[in-house]
Every structure is written in C-alpha cells, then in structure tokens.
Amino acid sequence: MTTHGPRDQPGDFRRPFVCFTCRKSFKRSAREATRTCPDCGGGATQLHQKFRAPPRESSEKWRVVAFLVAHGFRYQSITDDTGRTLSYPTTMREAEEFVRRHGGRA
Ligand SMILES: [Zn+2]
C-alpha cells in the first residue's frame, strides 16, 4: 500500500535511489518500505544524499556508480588519512584506482 502524503513531513527525508537497469535516479522517503524502481519494478539501491545521478546516456558513468556501490561506496563522505574529503571518481580507470586505494574505508 502506498500513500501520497505531504512531501515535507518533519524528519521524513527523501533519499536518492537508483535503478541500474533503467539508469534512473528517483527520490523516496527513507522510511518507505517499497524500494523498487517505478519503471521496471526491479530492486532499487539507496544512495547517500550527496549522490548526483549521471545522465541516462552516460553508460560509462553509470558503470562507475554500479562498480563503486558493489564495493560499498554509496556516495557517503570518505576522508583520507589527513582528513581530506575524497571526491568520487567519474571514469572506470579512476574508479578501479579509487577502490584499490580506499576500499577499506567504505
Ligand atoms: Zn528500473
């Protein structure tokens, strides 16, 4: 059952979810039980608020997102040993290097 109440209930944060099949991002309440893609009905993955979805046609960038999520990176803030916030990679080459170097931080 779904209800369509007011969008801005106190404490009801809307989080980005992605469907890797459709290469689509959509916002859902973090409290909502149903977390499936509205288009294909497949499973959706919740990411951090900082996530910005690449354009649908950027298959490389979506591959990067899927690769990072598979390694535990959901676009949460990651800092290195010096406390510097790391920026997320946008190419597969950078992503592979990023996971090699920072895999333990996810
Ligand atoms: Zn989908």
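Which residue just after α1 takes a positive phi? The exercises below take up this question and others on a model that is predicted.

**Exercise 1. Find the residue just after α1 that has a positive phi, and describe the helix that precedes it.**

Solution. Begin at the end of the helix: just after α1 comes G72, whose phi is positive, at about 90 degrees. Then turn to the helix itself, which has twelve residues and spans 16 Å from its first C-alpha to its last, close to the 16 Å expected at 1.5 Å a residue. Next, list the residues of α1 that are buried, namely W62, V64, V65, L68 and V69. When one looks down the axis of α1, these buried residues fall within an arc of 155 degrees, so they line one face of the helix. The face turned away from that buried side carries R63 and A70, which are exposed. Finally, ask what the buried residues of α1 pack against: their partners are the strands β1 (14–19), β2 (24–29) and β3 (45–46), together with helix α2.

**Exercise 2. Work out how the strands are ordered in the sheet, and which of them stand at its edges.**

Solution. Start from the whole protein chain, which holds two helices and three strands and whose elements run β-β-β-α-α from the N terminus on. The three strands form an open sheet in the order β2-β1-β3, with antiparallel pairing. In this order β2 and β3 stand at the edges, each with a single partner strand, so one side of each is left without a neighbour in the sheet. It helps to recall that strands of a sheet pair through backbone hydrogen bonds, either parallel or antiparallel.

Now take the two pairs in turn. Six bridges join β1 to β2, and within this pair C19 has K24 of β2 as its bridge partner. These two strands form a hairpin with four residues between them, and R23 in the turn has a positive phi of about 50 degrees. The other pair, β1 and β3, is joined by two bridges and is likewise described as antiparallel; here the bridge partner of V18 is T45 in β3.

**Exercise 3. Identify the donors of the zinc ion, and explain why their arrangement is called tetrahedral.**

Solution. First name the protein donors, which are the SG atoms of C19, C22, C37 and C40, lying 2.3 Å from the zinc ion. Along the chain these donors follow the spacing C-x2-C-x14-C-x2-C. Next consider the angles: the four donor atoms subtend angles of 105 to 114 degrees around the zinc ion, which makes the arrangement tetrahedral. The cut-off needed for this step is that four donors count as tetrahedral if all angles lie between 85 and 135 degrees.

As a last step, look at the accessibility of two of the donor residues. C37 has 3% relative accessibility and therefore counts as buried, whereas C40, at 40% relative accessibility, counts as partly exposed.

**Exercise 4. Decide where T34 lies, and whether T34 is buried or partly exposed.**

Solution. Following the chain, one finds T34 in the loop between β2 and β3. Its relative accessible area is 39%, and T34 is therefore partly exposed. To place this residue in space, compare it with A44, which is ten residues away along the chain: the C-alpha atoms of T34 and A44 are separated by 9.3 Å.

**Exercise 5. Describe which residues of helix α2 are buried and which are exposed, and then examine H102.**

Solution. Helix α2 covers residues 92–102, and its buried residues are M92, A95, F98, V99 and H102. Seen down the axis of α2, these fall within an arc of 115 degrees, so they line one face of the helix. On the other side of α2 lie R93, R100 and R101, which are exposed. The buried residues of α2 pack against α1 (59–70).

Now consider H102, which is found in helix α2. H102 counts as buried because its relative accessibility is 6%, and buried means under 20% relative accessible area. Leaving aside neighbours within four places in sequence, H102 is in contact with F73 and L86.

**Exercise 6. State what share of the protein chain counts as buried, and what share of its contacts joins residues 24 or more positions apart.**

Solution. The protein chain has 106 residues, of which 32% count as buried. For the second share, take the contacts with a separation of 6 or more; residues 24 or more positions apart account for 47% of these contacts.

How values were computed
Residues are numbered from 1 along each chain as its sequence is written. This is a predicted model: local features need pLDDT of at least 70, side-chain atom pairs count only at pLDDT 80 or more; totals for chains, interfaces and linings use all residues. Side-chain values use heavy atoms; hydrogens and water are left out. Buried means under 20% relative accessible area, exposed over 50%, partly exposed in between (1.4 Å probe, protein chains only). The arc is that of the directions from the helix axis to the C-beta atoms. Contact means heavy atoms within 4.5 Å. The expected span of a helix is 1.5 Å times one less than its number of residues. Donors are N, O and S atoms within 2.8 Å of the metal (3.2 Å for Na, K and Ca); water is not among the atoms, so sites may look incomplete. Four donors count as tetrahedral if all angles lie between 85 and 135 degrees; four count as square planar and six as octahedral if opposite donors are over 155 degrees apart and all others between 65 and 115; anything else is irregular. Two strands pair if DSSP finds at least two bridges between them.
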